[in-house]
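Dear colleague,

I am handing over the structure below, and after it I set out what was found when its aromatic rings were examined. Please read the notes alongside the coordinates.

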Amino acid sequence: MAASIYGKYDFVLVDGNRESDPWSKLKNYLDTGEYAYFGCTVMPGPQLRQAIPFTKKIREEYPHIITIWGGYFASNQYKVSLDSGYVDYIVNGIGDLAFPALLDALENTQDLRRINNLIFIDKGTLVKTHKITSIDMDSLPVLPYHELEKFYPIQSYFGKTHLGRKTTLYHSSFGCPFTCSFCGIVPIFEARWKGSSAERLYQDVKYLKDTYGVDSVEFCDNNFFVSEKRVRTFCELIEQDRIQWWGEARIDTLDKFSDDTLALMSRAGCRMIFLGAETGNEDTLKAIDKGGTQNAAQMIRFAERLGRFNIIPEYSFVLGFPAETQQQVMAMIDDDIEFIKKVKQANPATEIIMYVYSPVLTEGSDLYEKVKASGFVFPQKLEDWLAQEWKGFDLRKNPLTPWLRASMVDKIRNFEVVLNARFPTAQDVKLSSFQRKAISVLSKLRYRTNFFHFPLELKLLQRFWLRYRQPETEGATML
């Protein structure tokens with residue numbers, strides 16, 4: 001967002017992750033009287049716990065400040081956000097063009113309805129302007145990394161991970177061409193995908209390497225591997241630069257890549273790929289609008305295939321989808337547990353990420369209609385998202401769904417404990433080989449016999465001795 005207004009408007013950056021007291025930093029800026037707008041990226045999860053109270057305080061103490069929210073939460077939960085009375089405008093989806101256009105319009109009293117990707121209230125009426133879901137990313141300005149240096153040491157954003165000693169994050173595309181009904185980006189990008197060119201992508205990564213010494217990258221695209229041609233060209237360009245990298249893909253899309261392309265990816269530094277497996281039940285895959293050609297046999301086969309190229313598959317599963325009866329829900333959970341074990345048998349190096357299904361506001365989807373029929377409702381007031389139970393919901397730890405019983409969530413979590421002990425994640429660079437071996441041996445019998453009840457000994461070891469971490473909620477290990 002700084003890049004979109006760089007050279008046009010003065011701005012300051014406040015990183016809520018880097019401040020021990022973010023509100024004091026915001027207040028110090030606002031007390032100068034030099035600022036007219038507060039822009040805030042709002043994602044589900046921990047960001048909400050700062051965004052809501054800080055934005056509310058700004059409205060109370062600085063009523064002249066115009067507040068602008070963006071991010072997945074703001075776009076998907078726009079009604080409750082605007083109804084709060086202290087969020088003035090929402091950038092709906094892509095903001096690289098909408099954000100500067102909004103500032104221009106407000107500064108010059110222009111018609112806001114002509115700006116794409118905005119949601120706001122005008123004279124009591126909710127207004128949603130036309131939404132664009134893709135833009136030419138090569139036309140966007142180069143990110144002004146030197147501006148970040150004015151506020152926070154940029155080197156502090158590069159950390160040691162399983163990929164390298166200086167890992168950075170990079171986002172090279174918008175959206176995904178599929179419509180999975182459990183995915184929060186579907187209402188935003190509406191099955192559209194647009195990526196930067198391989199040449200532009202390489203130039204940016206090369207700049208980070210040459211300027212800051214970056215040796216590894218986590219590509220945070222919703223679907224990095226949509227275009228095999230783009231991936232091949234990027235790999236050909238970066239192969240000699242010794243950059244290790246990670247990205248996200250669909251199994252059925254990547255399975256269409258040739259062996260030659262997968263081998264090239266491996267030589268060019270691809271070490272791990274996050275893949276949405278979701279479930280081994282093909283009826284459920286259809287029910288959640290997974291789309292494509294993904295099936296259970298393909299998932300197992302592809303996990304084994306990636307292993308031949310020394311690329312670690314990272315399969316994510318979502319357990320606890322709704323069903324007609326409690327028995328059916330539990331049976332689906334049991335089936336997925338067995339399927340996960342089959343994946344591990346095919347390729348023990350496969351990383352498994354497990355989530356409990358949490359509803360996403362995908363209006364009109366069959367799955368969301370089923371969720372509403374069950375009695376599930378999202379908070380009706382913005383402040384209600386601050387309640388402790390909704391914090392767990394955001395992290396997919398506490399689903400709050402009527403069809404899931406405590407015994408079901410316990411089974412999922414206990415299996416997760418045993419699985420993570422039997423196969424410690426490669427992403428935790430702090431674990432010694434002895435720790436990995438010890439916890440794996442101690443959990444072997446539980447894993448083999450499906451005895452997942454009360455794994456207290458493993459939980460204690462993971463908490464106090466191993467300091468075991470979960471990539472799905474903690475991200476990359478940064479030291």
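Ring pairs join Y170, F219, F224, F225, F234 and W245 into a cluster. Please bear in mind throughout that the model is predicted.

Counting ring pairs with centres within 6.5 Å, one arrives at 27 aromatic pairs. One of the pairs is formed by F219 and F224, whose ring centres are 4.5 Å apart and whose planes meet at 15 degrees, so this pair is stacked, the cut-off for stacking being under 30 degrees. Both F219 and F224 are buried, and both also belong to the cluster named above.

A second pair worth opening in your viewer is that of F321 and Y357, where the centres lie 5.0 Å apart and the planes are at 35 degrees, so the pair counts as tilted. This pair links distant parts of the chain, since F321 is in the loop between β12 (312-319) and α15 (326-346), while Y357 is in the loop between β13 (351-356) and α16 (366-373), with the two positions 36 residues apart in numbering. F321 has a relative accessibility of 3% and therefore counts as buried, and Y357, with a relative accessible area of 2%, is buried as well.

Finally, there are charged groups placed over rings. R250 lies over the face of F178, at 3.6 Å from the ring centre, and the charged end of R422 sits over the ring of F423, at 5.4 Å from its centre.

With best regards

How values were computed: Residues are numbered from 1 along each chain as its sequence is written. This is a predicted model: local features need pLDDT of at least 70, side-chain atom pairs count only at pLDDT 80 or more; totals for chains, interfaces and linings use all residues. Side-chain values use heavy atoms; hydrogens and water are left out. Rings of Phe, Tyr and Trp (its six-membered ring) pair if their centres lie within 6.5 Å; planes under 30 degrees apart count as stacked, over 60 as edge-to-face and the rest as tilted. Buried means under 20% relative accessible area, exposed over 50%, partly exposed in between (1.4 Å probe, protein chains only). Helices (H or I, at least four residues) and strands (E, at least two) are DSSP runs, numbered from the N terminus. A charge sits over a ring if NZ of Lys or CZ of Arg is within 6 Å of the ring centre and within 35 degrees of the ring normal.
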